[in-house]
Amino acid sequence: VQLQASGGGLVQAGGSLRLSCAASGRTFSSYVMGWFRQAPGKEREFVANIRWSGTITYYADSVKGRFTISRDNAKNTVYLQMNSLKPEDTAVYYCAAASRVVTTSRDYRYWGQGTLVTVSS
């Protein structure tokens, strides 16, 4: 599976962005999809994941209620809608694919290249 993330950019605090992650291959629906982020000088952290059917999602406490993960298996794409953005959300955001429901980055087998989100105060 090859993943291509897009949609990052510069936004003011309180604004919104939607990230997309397009996947190649016909097995997209068999993977749990996740979003991670890495801020400068910090470790990569889990943001959200979504199960195969798209009906069950899980979020880090820091984004719960502000971010929404979704997927369209017909389009081989996973999304991350980010609302009420804060300066501390500034990071490179990565999409990733795993064969089981996990939140640790080492358990995700496939990774996109990352897209930069910058939130100004």
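**Figure 1. The largest nonpolar core of this predicted model, 38 residues in all.** Met-33, Trp-35, Leu-80, Met-82 and Tyr-93 are the members with the most contacts inside the core. Eight strands are listed as giving it two or more residues: β1 (3-6), β3 (17-23), β4 (32-38), β5 (45-50), β7 (67-72), β8 (77-82), β9 (91-98) and β11 (115-120). Which strand puts in the largest share? That would be β9, with six residues. As a bit of background, nonpolar side chains tend to be buried together in soluble globular proteins.

**Figure 2. Met-82 and the residues it touches.** Skip anything up to four places away in sequence, and Met-82 still touches Gly-15, Ser-16, Leu-17 and Leu-19, along with Arg-66 and Phe-67. Tyr-93 and Val-117 complete the set. Two of the names here, Met-82 and Tyr-93, are also among the core residues with the most contacts.

**Figure 3. Ser-20, a residue of strand β3.** Is Ser-20 buried or exposed? Its relative accessible area is 17%, so Ser-20 counts as buried, the cut-off being under 20%. Setting aside neighbours within four places in sequence, Ser-20 is in contact with Gln-4, Ala-5 and Ser-6, with Trp-35, and with Thr-77, Val-78 and Tyr-79.

**Figure 4. Val-102, in the loop between β9 and β10 (110-111).** Loop or not, Val-102 is buried, with a relative accessible area of 8%. Apart from neighbours within four places in sequence, the contacts of Val-102 are Phe-46, Asn-49, Asp-107 and Tyr-108. For a sense of distance, take Tyr-31: 71 residues separate it from Val-102 in sequence, while their C-alpha atoms are 11 Å apart in space.

**Figure 5. The whole chain, as a backdrop for the close-ups: 11 strands and zero helices.** Read along the sequence, the pattern is simply β-β-β-β-β-β-β-β-β-β-β. The radius of gyration is 13 Å, close to the 14 Å that the globule rule gives for 121 residues, so the chain is as compact as a globular protein of that length. Along the principal axes, the C-alpha atoms fill a box of roughly 40 × 25 × 25 Å. Of the 121 residues, 44% count as buried. Among contacts with a separation of 6 or more, 57% are between residues 24 or more positions apart. The accessible surface comes to about 6,300 Å², and carbon and sulfur atoms account for 46% of that. As for charge, there are 14 positive and 7 negative side chains, with the centres of the two sets 7 Å apart.

Definitions and conventions
Residues are numbered from 1 along each chain as its sequence is written. This is a predicted model: local features need pLDDT of at least 70, side-chain atom pairs count only at pLDDT 80 or more; totals for chains, interfaces and linings use all residues. Side-chain values use heavy atoms; hydrogens and water are left out. Helices (H or I, at least four residues) and strands (E, at least two) are DSSP runs, numbered from the N terminus. The radius of gyration is taken over C-alpha atoms; the globule rule is 2.2 Å times the number of residues to the power 0.38. Buried means under 20% relative accessible area, exposed over 50%, partly exposed in between (1.4 Å probe, protein chains only). Contact means heavy atoms within 4.5 Å. Accessible areas come from the Shrake-Rupley method with a 1.4 Å probe; for residues, only the protein chains shown count as cover. Lys and Arg count as positive and Asp and Glu as negative; His and the chain ends are not counted. The place of a charge is taken as NZ of Lys, CZ of Arg, CG of Asp or CD of Glu. A nonpolar core is a set of buried Ala, Val, Leu, Ile, Met, Phe, Trp, Tyr and Cys residues joined through side-chain atoms within 4.5 Å.
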